[in-house]
Amino acid sequence: MTDLSHLKADFPILESGVHFLDSGASSQKPIPVLEAMDRFARTSYANVHRGAYKLSVASTNAYEAARKRVAEFIGAADEREVIFTRGTTTSLNTVAFGWGMEHLGEGDRILTTQMEHHANLVPWQMVAKRTGATLDHVPITDDGRLDMAILESKLGPDVKVVAVTGMSNVLGTMPDVSRIAQLAHQHGARVVVDAAQLVPHSGVDVQQLGADFVAFSSHKMLGPTGIGVLWGRMDALEETEPFEGGGEMIADVTLHDATWAEIPHRFEAGTPPIIEAVGLHAAIDYLDSIGMDLVFEHDQELTAIALERLSDVPGLAIQGPTDLKDRGGVVSMTMEGIHAHDLATILDEQNVAVRAGHHCAKPLMRCLGVTATARASFYVYNEEADINALIHGLRRAGEIFGTI
Amino acid sequence: MALEELYREVILDHYRNPRNKGHLEDPQASAQGVNPLCGDEITIEVSFDGDKVSEIAVEGQGCSISQSSASMMTEAIKGKSRDEIDELVKRFRQMMSLDTSIDDSNDPGLDPERPGSVLGDIEALQGVRQYPVRIKCASLAWNTLLEALSDASPDSTSD
């Protein structure tokens, strides 16, 4: 068993004794991240890319250093391929609108999956309506995995883009994105990956992944809210139009027209999240100091324990894969005769924080035949004691509802 | 303990055995309510006899609080007039701390056994007040009922 218990002291919020099992929604922040942002705001903060004075230069350097750090972390060929956004949702909207509105039209097909978060589904619905393209979905198998055979059969010359999650935020399933990218590229389609769960929990090498666009958020990987990343392969970014106009993103502006700044700045309209970029930089340093292999291994070990222990709880059903193959540290569950919200309330009384609801994946919920699940998700600061508390709370729920 | 205050037996009973569940054959008014944050859904159908609710049916999915609140509500409003229902809704909202316009300085409290208790079983839901995020669960059926009633114009309700 990996021992990451020494990390817990870095997370002041956990001193309250909370068993925090909702990192899939947002992770907690370690002291080095908080201190990096605090130090930067106290000593080096100013707006970026526009001041001739020393502070602005220092701030710009810190912001651009964060970009470089992200590029290195995900194996980008060129740091200009890293665009800072407000988060995964903005990153995916940038692709859907900035790329999709330019390259989709009637007769074209957008291929996505039944297990997407709304952030990788609704933007494509909007763009489909505006361009006349159609939206098609790859279903999941009975054990909660992406049906690769159907995916393959649905690919064709009319498929212009494949939008897929790197790790389901409900089921934990990790589709084989490298294989999907390979297949999609044979048909000339672009591949967009919602990596909001994948990057924080297993890391990503964009070269190995082989996709064209990868989106993720800082706040799920120990960094602050308000900043996320869109990585795009340079040739894909070159055929993407800016999604937002404003300051910072222009080369020249007249009363009637404007030309765009260079990539990546043309995609970063307005004052960017500067302090947050410094925080994200520190979060990546923190994760790297643990090692992403170990981060993933720790998640896996906790997931293995959880899957085993949960199977002993009467009336409990796991939604999604019940083994460790190609899955992350996200476990969704339902309990016979007890609604997920009631589970979450009872667990909260035991100081166990889980998510209950549809997890912004309503089409997947319908497909699973449930309206809501309770979801436990793990991260570096979790330990076996958190799972013990979860199990204890679930049994207590069974007692209150008279199902155990 | 707080949890027992929330999950009282009467609530669990209505959750397990919801009253007036299903659909009416020919409802005179209906409305659908959803809680987009948590996915709870409810459909309420109502028929009238003059000014009074003669029949009501509820179909939906959700947590014990939203479903039991709906079930208890159907029992409470059957046979009641619009004015009586308005009063019930007002008392319910007051209990949920959603309506503070009522002067309750002389209120005998929420003991269901007390003479003149308006809400009856529904008062078991008062434990929900301790769980602010769950108040919307308890209120869903009531808000949907108001929508159904506002849907039914006075003309269409007279027979």
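**A shared core and a mixed sheet**

In this predicted model, the largest nonpolar core gathers 154 residues, and those with the most contacts inside it are A:Val193, A:Val214 and A:Leu343. Helix H10 of chain A, which spans residues 274-290, supplies the largest share of this core, namely 10 residues. Because domain 1 (5-23 + 292-400) and domain 2 (44-288) of chain A both give residues to this core, it lies between them. As a general background, nonpolar side chains tend to be buried together in soluble globular proteins.

The surroundings of one of these core residues can be followed in detail: once neighbours within four places in sequence are left aside, A:Leu343 is in contact with A:Met335, A:Ile338, A:Ala356, A:Ala374, A:Leu394 and A:Ala397.

Turning to the strands, chain A holds an open sheet of 7 strands, whose order is E2-E8-E7-E6-E5-E3-E4 and whose pairing is mixed. Strand E2 (82-85) and strand E4 (134-138) of chain A are its edge strands, each of them pairing on one side only, while neighbouring strands of this sheet are turned against each other by 20° on average, direction ignored.

Within that order, strand E3 (residues 109-113) and strand E5 (residues 159-165) of chain A run parallel and are joined by 3 bridges; at one position, A:Leu111 has A:Val162 in E5(A) as its bridge partner. Helix H4 of chain A, made up of residues 122-131, lies across E3, E4 and E5 of chain A, and runs at about 145° to E4(A), the strand that forms one of the edges described above.

Key. Residues numbered from 1 in each chain as written. Chains lettered and ligands numbered in written order. Predicted model: local features only at pLDDT ≥ 70, side-chain atom pairs only at ≥ 80, totals over all residues. Pairing = 2+ DSSP bridges. Helix = DSSP H or I, 4+ residues; strand = E, 2+ residues; numbered from the N terminus. Axes fitted to C-alpha atoms, helices over the stretch in contact; angles between N-to-C directions. Contact = placed C-beta atoms within 7 Å. Core = buried A, V, L, I, M, F, W, Y, C linked by C-beta atoms within 7 Å. Buried ≥ 20, exposed ≤ 12 C-beta atoms within 10 Å, placed from the backbone. Domains from an automatic or database assignment.
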